[in-house]
Structure formats: C-alpha cells, structure tokens
Amino acid sequence: RVLSSHQAGASMVRGDTVAGIHHWMFHDDAGDRYKKNCLNDEFNEMGMATAKGTDGMLYLIQLFRRVE
C-alpha cells in the first residue's frame, strides 16, 4: 500500500524474466491494473524497483503518484 498525501497508485508483478513481465503487463488482460496506472495522465511521478525472490522469481514494483 502506498502511503502518500497525494493521489497514488502501485503495481507489482513477478515473472521468470523481464521479457515475461513486460509481456504480461502489456499483452495479457491481467495487466489492466498496470496499464491503468502507467497510462494515467494524473500521475506525474513514478519510481520502480526489482528484486529476485527466494523463490527464484523476479519481482517488479512500480509506484505512481501525482504531486501538485
């Protein structure tokens, strides 16, 4: 959950590879939440991070917010 005094959104996905995550975000119906945040004209800041989990999967999180 993003704690912010501004409008905010977040997306988190996991996959075997960056290419697999990218495909999921842009080509699968499950990526609709990601697309809603990523393409939202209201957000004017974005940060992201990746980490490899103990399960061997690659995790990607993106945080979006609007700052006046």
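Two strands count as paired when DSSP finds at least two bridges between them. With that in mind, the fold of this predicted model can be followed strand by strand. Three strands form an open sheet, with antiparallel pairing, in the order S1-S3-S2. Strand S1 (8-15) and S2 are the edge strands, each of them pairing on one side only. On average, neighbouring strands of this sheet are turned by 15° against each other, direction ignored.

A closer look at one pair of strands helps to see how the sheet is put together. Strand S2 (residues 45-52) and strand S3 (residues 58-65) run antiparallel and are joined by eight bridges. Two positions can be picked out here: Ala-51 has Tyr-59 in S3 as its bridge partner, and Gly-47 stands opposite Leu-63 in S3. The hairpin of S2 and S3 has five residues between the strands, and in this hairpin Gly-56 takes a positive phi near 85°.

Strand S3 also matters for the next topic, the nonpolar core. In soluble globular proteins, nonpolar side chains tend to be buried together. In this model, the largest nonpolar core is made up of eight residues: Val-13, Ile-21, Met-25, Tyr-34, Phe-43, Leu-58, Leu-60 and Phe-64. Helix H1 (18-27) and S3 are the elements that give two or more residues to this core, and S3 gives the most, with three residues. One of the core residues, Leu-60, can be followed through its contacts. Leaving out residues up to four places away in sequence, Leu-60 touches Ser-11, Met-12, Val-13, Ile-21, Met-25, Met-48, Ala-49 and Thr-50.

Gln-62, which also lies in strand S3, makes a useful second example. Is this residue, Gln-62, buried or exposed? Its relative accessibility is 6%, and buried means under 20%, so Gln-62 counts as buried. Apart from neighbours within four places in sequence, Gln-62 is in contact with Gly-9, Ala-10, Ser-11, Met-25, Tyr-34, Met-46, Gly-47 and Met-48. Two of these contacts, Met-25 and Tyr-34, appear in the list of core residues as well.

Finally, Cys-38 takes the view away from the sheet strands and into helix H2 (residues 32-38). Cys-38 counts as partly exposed because its relative accessibility is 32%, a value that falls between the limits of 20% for buried and 50% for exposed. Along the sequence, Cys-38 and Gly-9 are 29 residues apart, while in space their C-alpha atoms are 9.1 Å apart. Gly-9 has already been met above, as one of the residues in contact with Gln-62.

How values were computed:
Residues numbered from 1 in each chain as written. Predicted model: local features only at pLDDT ≥ 70, side-chain atom pairs only at ≥ 80, totals over all residues. Heavy atoms only, no water. Helix = DSSP H or I, 4+ residues; strand = E, 2+ residues; numbered from the N terminus. Buried < 20%, exposed > 50% of the residue type's maximum accessible area, 1.4 Å probe, protein only. Contact = heavy atoms within 4.5 Å. Axes fitted to C-alpha atoms, helices over the stretch in contact; angles between N-to-C directions. Core = buried A, V, L, I, M, F, W, Y, C linked by side-chain atoms within 4.5 Å.
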